[in-house]
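Open your viewer, load the model and keep the selection box handy. We'll take the tour one stop at a time.

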Amino acid sequence: MSTLTSPAGHLDRSFGTDGTTILEGSDVKAIAVLKAPGPHQGKIIGVLADGNDFKLFRLEKNGLLDTSFGTGGYLRWGFAGSPVRSTPTGITELSGDKLLVTGYVQEGSPATLYYPAVARFNAGGSIDLLFGNDGVYVFKEPLPTAQPSSDITPQQTSDGASVYVVDANDDRILFAFNSGTFRPYANQGLLIQLTPAGQLDTRFNEQGYVFFQFDAQNTASIGLAVRQNGNFIVVGTAPNRAFLATSTPTGQIDSSFGTDGFAVLAQTAGPVTLTQLLLQPDDKPVAVGWFSVASTRKGYVTPTLADGKPGNTFNN
């Protein structure tokens, strides 16, 4: 379902049917407004779960289905064939009138193996066969050896596996995968970089991906943001602690940030769990999440300085 409110906060009944558009499928996972100049600028693009597959859809500015997209406004697809389950988590507009859908596939019997996946589509609602393997890339590289056992609970990571795109342009597609406690990448920080053609980009850590663990502990990578100098910040959670780390474009830790490349976030009332990372116009990172006090969750927002040191003037 999609709805639109007017500037005054009231339901805009000119949108869709009396202010609402009812969509096929079980759950809208992500939407975006198309920004590239052209006939589709301002239209709404989205992706929703649909059984073992997912559906892309496009709406006109007035909320009605754009029937020139796919078949009747929809395109049903999946990251892999049946009976593999494809779960979308995001959609990103690319240059050249392309669309990138991110998510993961579930394999095994039962389906307990979670692999990050991306697929690229053309503007008109067809798969881009020039990307990856027939339009799809699924990450299935082996885990590093000798990793610690699990001691992160699902509540300390997030509500399930997710893929976070940080940078998708003509030069690279960089994203983070948070597997939560799901195998085979349970409790691993994981960053992946692809070429525009949908293959692992060996400019990044010489193999196109990097597993990492903060302080040799189980780690969940929650999100990424690109800095003004081209480096990027990854935000994550380890047992009883949250952290920010800065990396170079080639995947190496920038030791000038924080302490040896890491800024540890702590709250005296309880362990911090991060859920999102934003960058302010002055390049200072702001981390968002929560912590618990007497079994009650409290919202958490904290900035750091551009060099990773605490922003002590915030809320002071």
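Here is what to select at each stop, and what you will find there.

**Before you click**

This is a predicted model, where local features need pLDDT of at least 70 and side-chain atom pairs count only at pLDDT 80 or more, while totals for chains, interfaces and linings use all residues. Residues are numbered from 1 along each chain as its sequence is written, and side-chain values use heavy atoms, with hydrogens and water left out.

**Stop 1: the whole chain**

Show the protein chain as a cartoon. You should find one helix and 21 strands; these are DSSP runs, numbered from the N terminus, with helices (H or I) of at least four residues and strands (E) of at least two. Of the 316 residues in the chain, 48% are buried. Buried means under 20% relative accessible area, exposed means over 50%, and partly exposed lies in between (1.4 Å probe, protein chains only). Switch on the surface, and the chain exposes about 14700 Å², with carbon and sulfur atoms supplying 51% of that. The areas come from the Shrake-Rupley method with a 1.4 Å probe, and for residues only the protein chains shown count as cover.

**Stop 2: the biggest core**

Select L56, F79, V101, F121, F139, L190 and L194 and show their side chains. These residues have the most contacts inside the largest nonpolar core, which has 37 residues. A nonpolar core is a set of buried Ala, Val, Leu, Ile, Met, Phe, Trp, Tyr and Cys residues joined through side-chain atoms within 4.5 Å. Now colour strand 9 (residues 113-122): it gives this core its largest share, six residues.

Which residues is F121 in contact with, leaving aside its neighbours within four places in sequence? Among them are F54, L56, L75, W77 and V101. Contact here means heavy atoms within 4.5 Å. A second, separate core has 16 residues, including I233, A242, F257 and Y300.

**Stop 3: salt bridges**

The whole structure holds 16 salt bridges, each being a side-chain nitrogen of Lys or Arg within 4 Å of a carboxyl oxygen of Asp or Glu. Let's visit three.

- Select E24 and K55, whose side chains meet at 2.6 Å, N to O. E24 lies in the loop between strand 2 (20-21) and strand 3 (27-33) and K55 in strand 5 (residues 53-59), so the pair ties together parts that are 31 residues apart in sequence. E24 is partly exposed, at 41% relative accessible area, whereas K55 is buried, at 12%.
- Select K43 and D66, where the closest N and O atoms are 2.8 Å apart. K43 sits in the loop between strand 3 and strand 4 (44-50) and D66 in the loop between strand 5 and strand 6 (74-77), so this bridge ties together parts 23 residues apart in sequence. Are these two buried or exposed? K43 is buried, with a relative accessible area of 8%, and D66 is buried too, with 2%.
- Select E107 and K140, again with the closest N and O atoms 2.8 Å apart. E107 is in strand 8 (residues 98-107) and K140 in the loop between strand 10 (136-138) and helix 1 (154-157), so the pair ties together parts that are 33 residues apart in sequence. E107 is buried at 18%, while K140 counts as partly exposed at 43%.

Add E24, D50, D53, K55 and R76 to your view: salt bridges that share partners join them into one network.

**Stop 4: a strand covered on both faces**

In a regular strand the side chains alternate between the two faces of the sheet. Select strand 14 (residues 209-212): Y209 and F211 on one side and V210 and F212 on the other are all buried. Strand 13 (residues 189-194) runs antiparallel to strand 14, joined by four bridges. One spot to zoom in on is I192, whose bridge partner is Y209.

**Stop 5: two open sheets**

Strands count as paired if DSSP finds at least two bridges between them. Four strands make an open sheet in the order 15-16-17-18, with antiparallel pairing. Its edge strands, strand 15 (220-226) and strand 18 (262-265), each pair on one side only. Strand 15 meets strand 16 (residues 232-238) over six bridges, and S221 has G236 as its bridge partner.

Finish with the open sheet in the order 19-20-21, also antiparallel. Strand 19 (272-279) and strand 21 (296-303) are the edges. Strand 19 pairs with strand 20 (residues 285-293) over seven bridges, and V272 stands opposite F291.
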